[in-house]
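Got the viewer open and a selection box ready? Here is a short walk through the model, one stop at a time.

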Amino acid sequence: MTEIGKDITRAKQLLEAGELVGIPTETVYGLAGNAFDPEAVAKIFSTKNRPSFDPLIVHSGSIEQISQYTEEMIPELEELAQQFWPGPLTLLLPKKKVIPDLVTSGLEQVAVRIPSHPLTKELLLSLDFPVAAPSANPFGYISPTQASHVQDQLESKIPYILDGGSCEIGLESTIVGVEQGQLIIYRLGGVEVGAIKKVVGNVLILPQSSSNPKSPGMLKSHYAPRIPFELGDLDQLVPHYLAKGEKFGILSFNKSFDQISPEDQYVLSEKGDFREAAKNLFAAMRYLDRRDVSVILSEELPEKGLGKAINDRLRRASAK
């Protein structure tokens with residue numbers, strides 16, 4: 001059984017020994033390994049059953065640490081770093097040779113960020129190397145937002161999980177880079193598009209990719225429960241499935257349905273708060289995935305603020 005605790009020294013020793021550790025961030029829990037060690041990085045891919053063409057995000061405790069393995073930032077990305085680090089923002093930067101090609105899937109840029117969770121930030125500042133840390137779940141499944149989620153999913157595959165409680169944001173980081181002078185959002189996430197535009201002006205949102213992603217988090221099908229997940233208008237879907245006589249679950253933004261059991265539905269935010277909905281999203285999907293239902297029905301949120309990033313995850317979860 002994987003051990004869960006709050007011992008930063010234990011996590012540090014394991015990472016220095018080439019082992020993998022579950023770490024808390026403000027977004028989701030990560031599966032961390034020494035980003036300079038190709039063998040540790042290979043363990044991440046094999047433990048998650050993650051395809052090697054899907055690059056990883058590298059985490060550090062400070063901009064000074066990041067400068068040791070990346071080339072200089074352009075001014076616009078530096079402005080974003082100053083505004084949103086530590087926090088749920090990832091930047092794509094040209095990498096130095098010390099970063100193994102396996103981390104970046106052979107690409108010349110590496111995805112980097114500084115998480116704001118105090119336990120993990122203390123851990124990262126104590127290390128002589130950055131950590132590669134994708135979400136700590138089997139590839140394609142729902143991201144973990146509690147230490148127990150990591151333990152449930154990875155069981156005895158890793159020795160230790162650093163327990164930092166429930167993740168504050170609950171959505172992965174927003175990923176931003178530059179191509180031919182154009183700022184691009186490669187993945188919607190915990191930093192809202194509007195907040196980025198206030199700092200750097202216009203940005204282009206890149207569509208999902210089913211193969212050959214240019215950054216982490218771009219695959220079309222992802223974050224999916226094991227039970228079939230259908231996205232649409234709940235006011236139409238619920239009567240349809242009731243007429244079919246199927247037992248189903250409901251994941252809604254802010255309303256419940258009297259026709260089905262409260263245990264088979266999850267309201268993300270009764271008051272319609274996007275941040276509360278984001279924080280609850282993956283835990284809600286995980287809860288419904290354990291119910292005795294044949295399908296999970298869900299709906300998109302208003303396409304504004306964090307609703308855009310939540311909808312991105314819902315669409316990927318429902319992609320066939």
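Select E299 to begin. This is a predicted model, and E299 sits in the loop that joins strand 15 (295-298) to helix 11 (307-318). Is E299 buried or exposed? It is buried, and yet it has no salt bridge. The nearest side chain of opposite charge belongs to K255, 4.2 Å away; a salt bridge needs the nitrogen and the carboxyl oxygen within 4 Å.

Now add F253 to the selection. Its backbone nitrogen is 2.8 Å from a polar atom of the E299 side chain. To see the rest of the surroundings, show the residues that E299 contacts beyond its neighbours within four places in sequence: L231, G232, L234, L251, S252, F253, N254, K255 and L314.

Step along to E300, in the same viewer window. What does E300 form with R315? The two form a salt bridge, with the closest N and O atoms 3.0 Å apart. Because E300 is in the loop between strand 15 and helix 11 while R315 is in helix 11, the pair ties together parts that are 15 residues apart in sequence. Both ends are partly exposed: E300 has a relative accessible area of 38%, and R315 is at 30% relative accessibility.

While charged groups are on screen, select E172, D312, R313 and R316, which are linked in a network of salt bridges. The structure holds 16 salt bridges, and two further examples are worth a click.

- Select K12 and E16: their side chains meet in a salt bridge at 2.7 Å, N to O. They are four residues apart in helix 1 (residues 8-16), which means that about one helical turn separates them. K12 counts as partly exposed at 23% relative accessibility, and E16 does too at 40%.
- Select R10 and E3: this salt bridge has its closest N and O atoms 3.6 Å apart. R10 is partly exposed, with a relative accessible area of 29%, and E3 is partly exposed at 38%.

Next, highlight helix 2 (residues 38-48). Start at its N-terminal end, where D37 acts as the cap: one of its side-chain oxygens lies 3.0 Å from the backbone nitrogen of E39. Then colour the buried residues of the helix, A40, V41, I44, F45, T47 and K48. What covers them? The cover includes strand 3 (30-34), helix 5 (101-104), strand 7 (131-132) and helix 7 (147-154). Just after the helix comes N49, whose phi is positive, near 60°.

For the last stop, switch to a cartoon view and find the open sheet of eleven strands. Its order is 1-8-2-3-7-4-6-5-9-10-11, and the pairing is mixed. Strand 1 (3-5) and strand 11 (204-205) stand at the edges with a single partner strand each, so one side of each is left without a neighbour in the sheet.

Finally, zoom in on strand 5 (residues 89-94) and strand 9 (residues 174-179). In which sense do they pair, and over how many bridges? They run in the parallel sense, paired over three bridges. To place one of these partners by eye, pick L89 and look across to strand 9, where T174 is its bridge partner.

Methods:
Residues numbered from 1 in each chain as written. Predicted model: local features only at pLDDT ≥ 70, side-chain atom pairs only at ≥ 80, totals over all residues. Heavy atoms only, no water. Helix = DSSP H or I, 4+ residues; strand = E, 2+ residues; numbered from the N terminus. Buried < 20%, exposed > 50% of the residue type's maximum accessible area, 1.4 Å probe, protein only. Lys, Arg positive; Asp, Glu negative; His and termini not counted. Polar contact = N/O pair within 3.5 Å; in protein donor to acceptor, adjacent residues only side chain to side chain. Contact = heavy atoms within 4.5 Å. Pairing = 2+ DSSP bridges.
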